[in-house]
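Please walk me through this model in the viewer. Tell me what to select at each stop and what is there.

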Amino acid sequence: MKFADVILPLALPRNYTYAVPPDMENAIQPGSRVAVPLGNKKYAGIVKSVHDQAPGAYKTKAIHDLLDKEPVVYPTQLAFWEWMAQYYMCNEGDVLNAALPAHLKLSSETVLLFNDAFGDDFTMLDEYEYLVAEALHIRQELRIGEVQQILDRPDVYSIIKKLIEKKVCLVYEELKEVYKEKTEKFILLNPAYETDEAIAPLFDELARAPKQLELLLAYLHLIKTQGEVAQSELLKKSGASAAQLKGLVDKEILQVDQRIVGRVRMGKVDVQIKFDLSPAQETALAAIRECFTEKQVTLLHGVTSSGKTEIYVKLIEEYLGSGKQVLYLLPEIALTAQIIRRLQKHFGTQIGIYHSRFSNNERVEIWNKVKSGEIRILLGARSSLLLPFRDLGLIILDEEHDGSFKQQDPAPRYHARDAAIYYAGLFKAKILLGSATPSLESYYNAKQGKYALVELQERYGGIAMPAIEIADLKKEMAMKEMVHNFTSVLRGHITQSLEAGKQVILFQNRRGYAPFLLCTTCGWIPNCKQCDVSLTYHKHQDNMHCHYCGTRYPYVYTCAACGSQTLVPKNFGTEKIEEDLQELFPQARIARMDMDSIRSKDGHNRMIQSLEQGEIDILVGTQMVVKGLDFQNVNLVGVISADSLLSYPDFRVNERAFQLMEQVSGRSGRRDGQGKVIIQASNTRHHILQFVTEHNYKAMYEAEITEREQFGYPPFSRIIKLTIRHKKQKTVDEAALVLGNWLRPHLGAQLVGPAAPLVSRVRGFYLQEMLIKLPRDSRRIAQVKNMLKEFFGQLTIEKQFRSVVITPDVD
Ligand code: ADP
Ligand code: ZN
Ligand code: ZN
């Protein structure tokens with residue numbers, strides 16, 4: 001008897017063992033997708049291992065079905081999932097859920113079955129129940145959709161419920177295959193007519209059907225010029241009708257051939273654009289090659305616009321030559337048409353793209369093409385790390401410092417950089433991390449010799465780094481020089497740029513019009529009902545948003561506390577900057593790029609294109625304007641408020657502020673001549689601003705790493721953050737206290753908290769947090785993780801804590 005351990009797409013702490021039916025024994029392998037029962041539902045799970053150990057604790061159920069001919073993942077992915085679940089303290093089911101496209105997970109569908117025990121006495125049923133029962137009696141099973149057709153009433157579910165109660169029917173969940181291959185009809189010529197001699201008589205024969213003759217001639221013309229002809233295309237181009245086509249098919253002159261076609265459009269051209277690296281790029285590439293002979297990970301620290309992308313292209317070419325696959329990871333919003341076009345130019349049909357905007361059917365196709373190896377290079381966001389690569393040779397992770405590589409919710413809460421390093425290891429593949437402002441962790445690892453380091457200090461084409469000037473907000477306020485939020489310095493430079501026909505990018509980290517409203521009579525501030533935060537005023541939409549839970553509220557004119565009509569917007573976001581700019585520069589064409597103005601991926605791309613084509617003079621935006629964009633004509637970048645970047649409570653605040661300012665500066669003056677950057681700040685003496693002015697990454701690194709060491713923060717420790725949440729404040733406070741008391745004897749000073757976080761209620765849940773700081777000792781870390789899991793289990797066994805949710809967040 002064979003058994004299989006199956007990973008189910010659920011947050012279960014363990015995998016379940018199922019019996020393998022004898023007829024499937026040869027076919028089921030690790031990675032096979034199978035339909036299995038759990039409770040009264042059916043799921044599509046993935047076989048992790050096949051063995052002959054019956055589980056002691058429970059009687060096994062049998063696997064119902066093997067869903068595909070081949071396994072959907074390789075053993076490498078199974079090993080990766082196991083590591084992820086262990087390292088990031090989640091379940092393999094969570095990883096499976098994140099990895100598998102929805103259309104491979106299957107959804108289950110409710111099916112009603114006639115209950116034979118019921119007999120055929122329908123007298124106790126009302127009119128509607130009777131209709132369904134009768135249909136069930138005849139057809140034995142019905143789907144919900146069919147019941148809806150029969151009844152055509154809004155209360156279908158309550159009628160079904162009554163039928164179940166009266167034992168007329170039984171329900172069960174059936175798996176529904178949702179992925180559908182796309183097919184298209186192609187038109188073929190009957191092989192009997194392939195020679196000129198054979199086809200010539202047809203023209204005479206069809207003389208009495210001139211429309212059919214015309215259609216046949218159109219077909220012959222198309223097939224000659226393009227090799228294959230789709231039915232839809234033929235009808236469109238010939239102007240013929242389906243009936244006329246059917247006429248030719250009935251006469252056995254033409255044939256219809258239905259074929260599976262792909263939805264995913266791969267690049268078309270297969271020619272590679274030739275270009276040469278500059279000597280500095282050439283040196284860096286040679287150094288990377290050299291580093292890879294000794295180390296698995298290389299960090300490429302290349303200043304903005306140094307031409308890192310071109311180096312990646314050359315490196316990718318080399319790996320493709322050796323027959324391996326390449327994964328190129330970028331932050332989601334850096335995956336613009338700009339970079340896609342640049343790479344498609346080089347890699348044509350071999351490159352596939354993967355990000356959150358693909359449809360479910362497209363995802364399945366990409367999944368299969370990566371698995372088969374048809375996609376040789378995959379350019380994608382964080383989640384493409386979970387695709388089933390067959391033989392990966394190289395991972396490039398560009399903008400490696402970017403915070404969006406870390407997944408927040410839901411589990412697995414992984415960091416794509418660290419996970420990519422582990423994944424690459426499974427393939428014995430190399431990994432190249434690239435950034436102009438590396439994360440402190442990576443730069444530290446490079447300096448320690450764990451990673452190799454390659455530095456590229458000059459911009460491509462010898463363009464100078466932008467000149468940075470700090471504009472003093474305090475001084476200008478005192479001198480009454482400010483107009484709205486603009487210093488005279490920034491206004492002056494914007495005027496100059498516009499007069500020179502150049503473009504300007506302004507960066508403001510907050511979206512909306514104002515982060516909060518304030519009653520000037522009594523101090524009341526409108527807050528979210530679900531969360532412990534103020535509501536952001538969005539003037540364009542004339543309402544207020546909670547940026548934590550997304551709830552929208554109508555704008556209030558009257559203070560809820562004192563009844564006065566004295567509410568004023570406080571502080572400012574991108575909408576306000578846009579409005580003020582329009583007033584200050586009425587002639588300028590101004591656009592705003594943030595999550596509110598950009599709803600779709602395409603909107604983002606369109607705006608970038610407008611900027612490229614010179615249709616926009618000033619672009620105001622949040623982080624979205626920072627990432628990896630390459631514009632020729634931008635010669636001024638303004639940071640509206642550096643203070644807001646430098647003052648929030650997080651140990652990474654200085655590093656992040658430096659990265660943001662350096663990256664946004666990098667958008668200025670990339671092609672001809674030196675660009676200019678104006679940073680507005682009240683605290684002009686902040687040491688981070690000094691480093692930004694000098695483009696001095698290394699000085700920033702030295703200052704920050706000293707502090708990290710002093711306070712025991714990463715990279716000198718590993719951090720696990722525990723968030724505990726519950727609807728009742730009392731319960732969450734008590735649970736945190738109990739857990740803290742259990743942990744303290746084992747952790748001592750390594751445990752910080754529990755304490756309520758700054759925003760202590762989100763989506764109606766009260767929160768408590770704890771921070772565990774551990775030395776970089778993997779055995780100790782593994783031990784603590786196991787201990788935590790045990791304590792979580794113990795805590796939620798207790799009755800009053802049963803519905804407490806604990807989420808660990810590693811690193
Ligand atoms: P980075 O990613 O380091 O900020 P990019 O790769 O975007 O820099 O390069 C900056 C600009 O220089 C781009 O417009 C790019 O096309 C151009 N460039 C870089 N290297 C070359 C090269 N070897 N030949 C031609 N153009 C190059
Ligand atoms: Zn008031
Ligand atoms: Zn909220």
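Ala, Val, Leu, Ile, Met, Phe, Trp, Tyr, Cys and Pro count here as nonpolar, Asp, Glu, Lys and Arg as charged, and the others, Gly among them, as polar. Keep that sorting at hand for the stop at the ligand. One caution before starting: this is a predicted model.

**The whole protein**

Begin with everything shown. The C-alpha trace spans about 90 × 80 × 65 Å along its principal axes. Colour by secondary structure, and the protein comes to 26 helices and 33 strands. Of its 811 residues, 39% are buried. Now consider the contacts with a separation of 6 or more: residues 24 or more positions apart account for 73% of them.

**Ligand 1**

Select ligand 1 and its surroundings. 15 residues surround the ligand. Which of them are the closest? They are Gly307, Lys308, Thr309, Glu310 and Tyr460. By class, the shell has three nonpolar, eight polar and four charged residues. Next, highlight helix α12, residues 308–321. This helix gives the largest share of the shell, three residues.

**Two crossing helices**

Move to helix α1 (residues 75–87) and helix α15 (residues 416–427). Packed helices are described by the angle between their axes and the distance between the axes. Here the axes come within 10 Å and cross at roughly 145°. The crossing of α1 and α15 is right-handed. Show the side chains at the contact. From α1, pick Thr76, Ala79, Phe80, Trp83 and Met84. From α15, pick Ala419, Tyr422, Tyr423, Leu426 and Phe427. These contact residues divide into nine nonpolar, one polar and no charged.

**An enclosed helix**

Stay with α1 and add helix α2, residues 92–99. Why is α2 largely enclosed by the rest of the structure? Eight of its eight residues are buried, so the rest of the structure largely encloses this helix. Select them by name: Glu92, Gly93, Asp94, Val95, Leu96, Asn97, Ala98 and Ala99. They pack against β1 (2–7), β4 (41–51) and α1.

**The six-stranded sheet**

Now find the open sheet of six strands, with parallel pairing. Trace its order: β18-β28-β27-β19-β26-β25. Which strands are at the edges? They are β18 (467–472) and β25 (590–593), and each pairs on one side only. From one strand to the next, the twist averages 20°.

Zoom in on β18 and strand β28 (residues 676–681). They pair in the parallel sense over six bridges. Two of the partners are easy to label. Alanine 471 is bridged to glutamine 680 in β28. Aspartate 472 has alanine 681 of β28 as its bridge partner.

Then look at β28 with β27. These two pair in the parallel sense over four bridges. Valine 637 stands opposite valine 677 in β28.

Is β28 mostly covered or mostly open? The strand is mostly covered: six of its six residues are buried. In a regular strand the side chains alternate between the two faces of the sheet. Lys676, Ile678 and Gln680 point one way from β28. Val677, Ile679 and Ala681 point the other way, and all of these residues are buried.

**Helices on that sheet**

Add helix α19, residues 574–584. This helix packs on the sheet and touches β19 (503–507), β25 and β26 (618–621). The direction of α19 makes about 160° with that of β26. Add helix α22, residues 653–665, as well. It lies across β18, β19, β27 (634–639) and β28. Its direction runs at about 155° to β27.

**The three-stranded sheet**

For the last stop, select an open sheet of three strands. The order is β21-β22-β23, and the pairing is antiparallel. The edge strands are β21 (536–538) and β23 (552–554), and each pairs on one side only. Neighbouring strands are turned by 35° against each other on average, direction ignored. Pick β21 and strand β22 (residues 543–545): they pair in the antiparallel sense over three bridges. Label tyrosine 537, which stands opposite methionine 544 in β22.

Definitions and conventions: Residues numbered from 1 in each chain as written. Chains lettered and ligands numbered in written order. Predicted model: local features only at pLDDT ≥ 70, side-chain atom pairs only at ≥ 80, totals over all residues. Near = placed C-beta within 6 Å. Axes fitted to C-alpha atoms, helices over the stretch in contact; angles between N-to-C directions. Left-handed = near helix turned anticlockwise from the far one by under 90°. Contact = placed C-beta atoms within 7 Å. Pairing = 2+ DSSP bridges. Buried ≥ 20, exposed ≤ 12 C-beta atoms within 10 Å, placed from the backbone.
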